[in-house]
Amino acid sequence: MTGSMVSAYGRVRLEGGGKTVAMLARNRMITTRLGIPSTVLTFDASPSYAAVRAGLLERGDLVPGMQLLNTYEWYREAARPETVEGGRLDDLGHLTPVDSPHPDGSVHRTEYLDGSGDVVARDYRRSDGSVYVRIAQEAPRAQLVDPDGEIVRSFPGVPAWRRHWLRTLVQQQGTIGQTVVVTDTDTVLRELWQVDADVRFVHVLHEVHVQMTGEPPASAPIRPSLQPVLDQLERLDRLVVLSEVQRDDVVVRLPAALRDRVVVLPLDMETVPPTVTRRARASFVMLGRLAPMKAVHEAIEVFALVVARRPEARLDVYGEGPLRDELERLIAERGLETHVVLRGFDGTARDRLSEATAYVLTSSKETFGLAALEALGRGCPVVAYDVPYAPSRIRDGVDGFRVPPGDRQAMADRIVTMIDDPDLVQSMATASHEAAERYAPARVVEEWRSLLADL
């Protein structure tokens with residue numbers, strides 16, 4: 001098979017969540033198992049990508065054949081052979097400049113503030129202090145600049161610059177075969193799909209595609225950010241969803257001619273043979289961002305009910321996010337400081353899945369639930385609110401429990417049952433690991449092989 005794959009992702013961090021983990025695993029799988037070179041493109045202005053790249057390499061998330069590129073870093077580090085448009089940047093001497101440092105000790109960025117303290121423009125600088133791109137705020141414009149201060153090219157906004165970069169990369173690679181661009185967020189897809197380059201676009205839908213109004217997903221309103229994608233699905237070569245149930249709910253909204261463009265491809269995941277003879281008792285775990293969708297507050301309220309009946313119960317929550325302070329207050333209000341602990345981000349947190357009693361999932365929506373699936377892959381049963389769509393993989397009473405969304409008492413009852421019946425937990429652990437084998441890399445890669453061959 002010839003060609004290359006580009007994942008246009010937006011932003012990558014070492015402490016990234018499930019979507020980042022899934023994207024890197026997909027690229028790694030396609031590169032190592034199919035021999036197809038893969039590139040991850042990021043578009044944020046962070047100056048720390050050298051450290052991110054080093055960290056990903058150290059923990060094996062980047063492998064030979066994969067590369068991680070960032071727009072700002074790429075233009076900062078070398079002059080590119082482009083036709084010079086001519087002219088020089090406007091003088092911004094009437095504004096107040098504010099510099100931000102780069103890890104190498106030079107200036108990373110200069111912001112120009114008006115009298116009200118608002119940012120009018122940003123200059124991003126090479127290590128020698130010269131400007132390589134200016135981004136104007138009020139009349140959106142991005143101007144590339146050569147080391148001599150000559151304007152190389154102007155774009156009507158940052159998205160146009162990003163499309164130019166993608167086109168340049170595709171042309172420079174000179175790959176024999178097709179370049180497939182995979183996007184994982186609606187915003188990045190809408191910015192890039194107008195690129196005038198010979199590429200194929202695949203979009204992976206990680207989120208629930210409808211607004212959570214209480215209506216069945218097949219009839220609920222489409223999420224506004226996704227509506228343009230569905231309205232212009234003919235621009236896409238494939239729309240990937242992560243479960244058969246979601247595909248059924250998506251295709252009912254589409255013209256018959258476009259329904260074949262929606263395909264089901266599960267995420268790549270690693271299954272780890274259980275190494276613990278007996279799982280811990282009364283020890284539960286959650287992994288995820290402390291953000292509204294994950295509804296960690298629901299788990300806290302559930303454990304208030306559990307601890308009242310089984311004081312030995314404990315819940316460890318791994319992840320960071322904007323709701324941390326609010327959740328800490330709720331834990332204190334419920335008197336659960338020794339029972340529910342917010343552990344923060346921990347790169348080794350997944351190891352806890354091999355020993356915990358069960359994984360707790362109280363999200364308000366979960367398209368795939370990578371962490372929950374990883375739990376199953378490590379023989380860790382899952383107790384979950386039965387929301388669209390991830391919990392549909394849990395066989396109630398076999399490899400975990402599914403309870404009605406928001407029914408805290410029902411979830412507390414299931415958790416108490418698991419505390420009181422270690423033999424049940426052990427049988428669920430065996431069933432969990434067997435169920436997760438359906439998503440093992442050897443199976444997932446064949447589905448990606450077929451899709452990429454079609455494109």
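Trainee: At what angle do helix α8 and helix α11 pack?
Mentor: In this predicted model, local features need pLDDT of at least 70 and side-chain atom pairs count only at pLDDT 80 or more, while totals for chains, interfaces and linings use all residues. Residues are numbered from 1 along each chain as its sequence is written, and side-chain values use heavy atoms, without hydrogens and water. Helices (DSSP runs of H or I, at least four residues) and strands (E, at least two) are numbered from the N terminus. The axes of α8 (residues 296-309) and α11 (residues 408-420) are 9 Å apart, and the angle (0 to 180 degrees between N-to-C directions of lines fitted to C-alpha atoms over the stretch in contact) is about 55°.

Trainee: What does this angle make α8 with respect to α11?
Mentor: Angles under 35 degrees count as roughly parallel, over 145 as roughly antiparallel and 65 to 115 as roughly perpendicular, with the rest called oblique. The helices pack at about 55°. Therefore α8 is, with respect to α11, oblique.

Trainee: How many nonpolar residues does the contact of α8 with α11 have?
Mentor: Among the residues that meet (heavy atoms within 4.5 Å) are V302, F303 and L305 in α8, and M411, I415 and I419 in α11. Besides two polar and five charged residues, the nonpolar residues in this contact number nine.

Trainee: Which kind of aromatic pair do Y72 and W161 form?
Mentor: Rings of Phe, Tyr and Trp (its six-membered ring) pair if their centres lie within 6.5 Å; planes under 30 degrees apart count as stacked, over 60 as edge-to-face and the rest as tilted. Here the centres are 5.1 Å apart and the planes stand at 85°, so the pair is edge-to-face.

Trainee: How far apart in sequence are the parts that this pair of Y72 and W161 ties together?
Mentor: Both Y72 and W161 are buried (under 20% relative accessible area with a 1.4 Å probe, protein chains only; exposed is over 50%, partly exposed in between). Y72 belongs to helix α3 (residues 71-77) and W161 to helix α4 (residues 158-173), so the pair ties together parts whose separation is 89 residues.

Trainee: Which helix holds F303, the partner of F284?
Mentor: F284 and F303 also form an edge-to-face pair, at 5.7 Å centre to centre and 70° between the planes. F284 lies in strand β14 (residues 283-287), 19 residues from F303, which is in helix α8.

Trainee: How many residues of helix α10 are buried?
Mentor: Among the buried residues of α10 are L370, E374 and G377, and they pack against elements including α1 and α12. Helix α10 (residues 370-377) is largely enclosed by the rest of the structure, because its buried residues number eight of the eight.

Technical notes:
Ala, Val, Leu, Ile, Met, Phe, Trp, Tyr, Cys and Pro count as nonpolar, Asp, Glu, Lys and Arg as charged, and the others, Gly among them, as polar.
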